[in-house]
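Trainee: Got a minute to go through the contacts in this one with me? I'd like to start with the chains and then look inside one of them.

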Protein chains: 2
Amino acid sequence: MRIDGSAYRTIWPEEDGRAVAIIDQTRLPHDFAVVRLTTLEDAAHAIRAMLVRGAPLIGAAAAYGVALAMRADSGDTGLERACATLLATRPTAVNLRWALERMRARLAPLPEPERVAAADAEAASIADEDVAINRAIGGHGAALIRAAAERKRPGEPVNLLTHCNAGWLATVDWGTALAPVYAAFEQGIPLHVWVDETRPRNQGASLTAWELKHHGVPHTVIADNVGGHLMQHGQVDLCIVGTDRTTATGDVCNKIGTYLKALAAHDNGVPFYVGLPSPTIDWTIADGVRQIPIEERDGREVSELTGRTADGRIETVRVTPDGSPVANFAFDVTPARLVTGLITERGVCPATRQGLLGLFPERG
Amino acid sequence: MRIDGSAYRTIWPEEDGRAVAIIDQTRLPHDFAVVRLTTLEDAAHAIRAMLVRGAPLIGAAAAYGVALAMRADSGDTGLERACATLLATRPTAVNLRWALERMRARLAPLPEPERVAAADAEAASIADEDVAINRAIGGHGAALIRAAAERKRPGEPVNLLTHCNAGWLATVDWGTALAPVYAAFEQGIPLHVWVDETRPRNQGASLTAWELKHHGVPHTVIADNVGGHLMQHGQVDLCIVGTDRTTATGDVCNKIGTYLKALAAHDNGVPFYVGLPSPTIDWTIADGVRQIPIEERDGREVSELTGRTADGRIETVRVTPDGSPVANFAFDVTPARLVTGLITERGVCPATRQGLLGLFPERG
């Protein structure tokens, strides 16, 4: 997508062939900084310290990390060390493991002198495939936005609501939930996005708002509490969110608070869609609320908040009383009955086992 | 209620007879500071700058403000000036106007030399009546909490969830939504309160958590996004919230986000109660969603946040990108169909016109 008119991905090989560049997402929205990664350790740090985040982007960054490692040591020891180091950065990330296993499978059989070029090519494929999946999600979802636009008065924008950041910053490009927004925007459909700030980590306020603003997409940041009121008053035509894990029956595990928006959408007859690349479907699980364990994170994400002061310093401030306990559940599960449809790279389907199997018959 | 063992109200006359004391609520939760008001201007500033907030407390503060004004000028001009100055501090506050009209009606007929003593007595009555109403709400609501406790295993705490601050800090004492919590706590019923932080102004994290902590009530602060997840997993036995305005049909206008919690409670079979003093009932309105205008406040309440740094400085930080628009709707309306019951000073009733008229037949 674009940053003030220039096209970017979230990760790309530098022209000198010696480095990979990323956007340091920890410094957004206040500071746009491109960081050059030249070593395995650079790549591991970028993932561990969340300079890059979002499952698809983590996978691509790990793949490029292996490619950087091959430049220093393309032997079997170097390959194993690279995979082990990168895997340890975010142990629960599914895409991380998948990307590393793919890199190892591609490189291990090759003679050492061929590994650098093959690693570069394989990392580029992983990145390109992510972009292709997301572009396809965008195309299918844009048709839904176009249909909503046709139900409005000419020129009146379609109002979308999204939660958290499932935008291009979470992927290599396009995003998942936001791919349809970008695709519709490219098609000239008038639209406006309500951006939930998404407490406690504020990915909506800090990342989604930033990427929409710099691409030029009209949007407004709101507190997470506001969506229900907007839907009661006809101010939301369509919700689109992402997902970290989707059950074979269409239950959606996504950032905490997604369920509350789905309830409000259901109560007000607002369509609620989920954009998802098919690798996030967990075909082994049927009941999301009962079967998906919900990560509890450090309470300081709730009690403390980081931002920029009027004179430009970055400060972290505490907002709760000393001694008040805090709980920090990171995700919730939206039951399939509240989901209007799933937007996958193969098309849109109902949030049901039958619906998913219609698009992915090989899973039947 | 108590602050670390000592009983407090939010406003009280000082023993020297020359001042009224308040708690500066703008400095909570990081700093407990009692401020002495000695003049009309002190009182007006305290209301205008929100050192005191919450409709019942604003009313009491205005009444005491008139009493302070009488000390400087007990003539008719002084009385009119006091009422006009105080009324202008928060023009939309219903209790403010009501308290000032009551003070004027009491004082205007009196000879000047009697006005100081009469003003003191009338302000004290207004404060005492608020306390009595809230104590009654507490008693009726505590019975609901006791009933919930009897459905649990012995000793297992009743888990309540509340939104915003409708605690004793918003009133003269006891609070409205929290009065039942304090009453049940005094009765020795084991309980625990989930405190929504309540973005964007964070009244839950800064005020509700502070008052529960200092009174000794077990509680946990959570992001506003969390309540639905907790209810899905049986972690909430009862919701109790306050209200700024209740329709004659039982629709509840309260802090933004209340509606989302009511939806989650309804979806999970969790009782959802509203604590309200009867003066907040607007008997002229039947459809809250259509008829109650929702205040839009300064977007900086969303984009900026104030707290305390690790080394003790109070700083305000920006959390959204420069140039991203922000919207700040302050309230939403929860339709009566989602409300299990209304806890008033006369008892608990269904959130219906019939229910309310059963308790307030004089309004029929």
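Trainee: How much area do chain A and chain B bury between them?

Mentor: Keep in mind that this is a predicted model. Chain A and chain B bury about 5100 Å² between them, with 59% of that on carbon and sulfur atoms.

Trainee: And how many residues does the contact take from chain A and from chain B?

Mentor: 65 residues come from chain A and 65 residues from chain B.

Trainee: OK, polar stuff. How many salt bridges does the rule find across the interface of chain A and chain B?

Mentor: The rule gives 8 salt bridges there. One pairing is B:Arg313 with A:Glu315, where the closest N and O atoms sit 3.0 Å apart. On top of that, look at the polar contacts: 30 residue pairs across the interface of chain A and chain B, both residues at pLDDT 80 or more.

Trainee: Which elements of chain A supply at least two residues to the side that touches chain B?

Mentor: Helices H7 (203–215), H8 (227–232) and H9 (258–268) of chain A are among them, and so are strands S8 (219–222), S14 (304–308), S15 (314–318) and S16 (331–334). H9(A) gives the most, with 7 residues.

Trainee: How do the residues on that side of chain A divide into nonpolar, polar and charged?

Mentor: On the side of chain A that touches chain B, you get 31 nonpolar, 21 polar and 13 charged.

Trainee: Switching topic: what does the domain assignment of chain A give?

Mentor: Domain 1 covers 2–129 and domain 2 covers 151–363. Their centres, taken over C-alpha atoms, are 26 Å apart. The contact takes 22 residues from domain 1 of chain A and 18 residues from domain 2 of chain A.

Trainee: What about buried area between domain 1 and domain 2 of chain A?

Mentor: Those two domains bury about 1900 Å² between them, 58% of it on carbon and sulfur atoms. On the domain 1 side, A:Arg2, A:His30 and A:Arg53 lose the most area to domain 2, together 34% of what that side buries.

Trainee: Which side chains meet in a salt bridge there?

Mentor: The rule finds 1 salt bridge across the interface of domain 1 and domain 2 of chain A. A:Arg2 and A:Glu186 meet in a salt bridge at 3.7 Å, N to O. The polar contact count between the two domains is 7 residue pairs, both residues at pLDDT 80 or more.

Trainee: And which elements give two or more residues to the domain 1 side?

Mentor: Strand S1 (2–3) and helix H2 (55–72) of chain A. H2(A) gives the most to that side, with 4 residues.

Note on methods: Residues numbered from 1 in each chain as written. Chains lettered and ligands numbered in written order. Predicted model: local features only at pLDDT ≥ 70, side-chain atom pairs only at ≥ 80, totals over all residues. Heavy atoms only, no water. Contact = heavy atoms within 4.5 Å. Buried area = accessible area lost by both parts, 1.4 Å probe. Salt bridge = Lys/Arg side-chain N within 4 Å of Asp/Glu carboxyl O. Polar contact = N/O pair within 3.5 Å; in protein donor to acceptor, adjacent residues only side chain to side chain. Nonpolar A, V, L, I, M, F, W, Y, C, P; charged D, E, K, R; others polar. Domains from an automatic or database assignment.
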